[in-house]
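Biologist: Could you walk me through this model with me asking and you answering? I'd like to begin with the charged pairs and then move on to the core and the long helix.

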Amino acid sequence: MSDPAPDVCVTPPPLISVIVRSMGRPSLAAALASIAAQQQSPVEVLLVNALGPGHGPPPAAAGAHPLRWIDLGRALPRSAAANAGLDAASGPWVIFLDDDDVFLPGHLSRLAAALSVHRDAVAAYADVEYGRQGAAGWASEHVFAADFDPLRLRFENFLPLHAVLVDRGAEAVRRCRFDEQIDLFEDWDWWLQLTRLGPFVRVPGVSARYVAADGGGSGVFSDNLAASRAREHLLLKWLATDTPAERLRLLLALQTHFRTAHQTADLLALAQRTEQDLRSMLAARVREVAEACAELDGLRCVVAAREREIADFDAQLAEVRQVLASREQEIVDANAQIGDLRQVLAARERELADNLAHSQGLARILVARDDEITHLKAQSSTQRGKPAARRPTDETT
């Protein structure tokens with residue numbers, strides 16, 4: 001009898017707190033619906049009123065996921081709204097979703113699975129598609145899909161806020177807050193804090209959408225004055241806190257970048273020269289092809305003329321053939337007539353032969369009659385020399 005199977009202790013997955021900073025925009029319904037479509041459990045939704053008193057009433061839940069309304073009674077800047085969500089979050093795992101962006105199905109499940117496997121990771125992130133929702137449907141303009149590189153993160157933010165699920169189980173991670181002196185690129189600053197505490201794990205594949213604002217775009221792609229100043233402020237902040245070793249790593253990264261950039265520039269210049277040479281060769285070939293085409297057009301005209309001549313000759317030949325066929329028919333008819341004439345001639349020749357034979361017979365008869373006449377004449381002359389016998393008279397008679 002086999003031993004009973006030991007009891008297996010299954011650890012339930014941690015609670016995920018989804019923090020939604022809401023400005024009360026119409027797109028909020030789509031954002032909450034995308035959370036409701038997530039199969040991952042357990043999940044709580046923290047809806048932070050960033051607009052203030054003008055925000056409409058919140059929904060009771062996001063599908064099967066409970067929803068908590070975080071309202072401080074005043075409008076909250078971006079960083080302050082994010083911290084309000086962090087302060088209210090019950091789960092050890094947190095992720096943000098602004099009210100104009102959406103998760104795609106399976107987004108939370110994929111990130112939770114990655115964090116469950118990589119227990120040393122501070123965060124897991126998926127690829128995100130940036131684009132616009134128009135009358136023809138979703139139009140993608142860019143995909144955030146880069147492997148994690150903390151040095152690159154010092155120069156640019158390649159992680160959309162709702163791409164990343166953060167494990168706040170460690171005390172050091174929980175102490176990371178959004179800098180309320182920064183209200184643009186505040187997520188970038190938070191990532192830089194977290195990267196000093198552990199690695200980020202990439203989960204390849206798009207499972208969220210970053211929706212471009214109407215008439216605007218992501219600050220990642222902006223070079224306006226406000227974005228430039230915010231970017232400089234953030235970089236100066238982190239340069240001031242860098243150790244000499246960290247600054248050395250940045251300088252070495254810049255050195256590698258500049259070397260690569262110069263090599264790329266040299267290769268690009270060579271490619272451009274090669275392209276120019278190829279364009280010149282192509283232009284020459286195009287001229288040659290144009291000349292060949294012109295010559296070909298001339299040959300086509302000649303061939304067309306020859307084809308017309310051949311067509312005329314074929315027509316004449318057809319007429320000659322018809323005449324020849326007519327002549328051959330006439331010859332056949334003439335041969336038939338000649339055959340008939342030969343038969344008539346043969347009959348005439350037979351008649352002539354018969355007439356000749358008859359004439360010869362008549363000639364022989366004539367000769368015989370001539371001989372008889374001659375004989376009779378001879379007899380008559382002999383009898384003239386003798387006295388004529390007296391003809392009896394009527395009286396004697």
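Biologist: Which residue forms a salt bridge with arginine 25?

Modeller: First, a friendly note: this is a predicted model, where local features need pLDDT of at least 70, side-chain atom pairs count only at pLDDT 80 or more, and totals for chains, interfaces and linings use all residues. Residues are numbered from 1 along each chain as its sequence is written, and side-chain values use heavy atoms, with hydrogens and water left out. A salt bridge here is a side-chain nitrogen of Lys or Arg within 4 Å of a carboxyl oxygen of Asp or Glu. With its closest N and O atoms 2.5 Å apart, the partner of arginine 25 is aspartate 99.

Biologist: How many residues apart in sequence are the parts that this pair ties together?

Modeller: Arginine 25 lies in the loop between β1 and α1 (28-36), and aspartate 99 in the loop between β5 and β6 (102-103). Helices (H or I, at least four residues) and strands (E, at least two) are DSSP runs, numbered from the N terminus. The pair therefore ties together parts separated in sequence by 74 residues.

Biologist: Is aspartate 99 buried or exposed?

Modeller: Buried means under 20% relative accessible area, exposed over 50%, and partly exposed in between (1.4 Å probe, protein chains only). Arginine 25, at 35%, is partly exposed. Aspartate 99 has a relative accessible area of 0%, so it counts as buried.

Biologist: Which residue does glutamate 186 meet in a salt bridge?

Modeller: Glutamate 186 sits in helix α6 and its partner in strand β1 (residues 16-22), 165 residues apart. Both residues of the pair are buried, and Arg78 and Asp98 belong to the network of salt bridges that links them. At 3.1 Å, N to O, the partner is arginine 21.

Biologist: Which strand holds the arginine that pairs with aspartate 127?

Modeller: Aspartate 127 forms a salt bridge with arginine 202, their closest N and O atoms being 2.9 Å apart. Aspartate 127 is buried at 4% relative accessibility, whereas arginine 202 is partly exposed at 23%. Aspartate 127 belongs to β7, and arginine 202, 75 residues away, to β10.

Biologist: Which element gives the largest share of the largest nonpolar core?

Modeller: A nonpolar core is a set of buried Ala, Val, Leu, Ile, Met, Phe, Trp, Tyr and Cys residues joined through side-chain atoms within 4.5 Å. The largest one has 47 residues, and Phe96, Val164 and Trp191 are among those with the most contacts inside it. Elements that give two or more residues to this core include β2 (43-49), α2 (78-88) and β9 (164-167). The largest share, six residues, comes from α2.

Biologist: What do the buried residues of α8 pack against?

Modeller: Helix α8 (residues 244-384) has 141 residues and reaches 194 Å from its first C-alpha to its last, close to the 210 Å expected (1.5 Å times one less than its number of residues). Its buried residues include Glu246, Leu250 and Gly361. By contact (heavy atoms within 4.5 Å), the buried residues of α8 pack against α4 (150-155) and α7.

Biologist: How many disulfides does the structure hold?

Modeller: A disulfide is a pair of cysteine sulfur atoms within 2.5 Å. For cysteine 293, the nearest cysteine sulfur, that of cysteine 301, is 13 Å away. Cysteine 293 is partly exposed at 37%, and cysteine 301 is exposed at 53%. The number of disulfides is zero.
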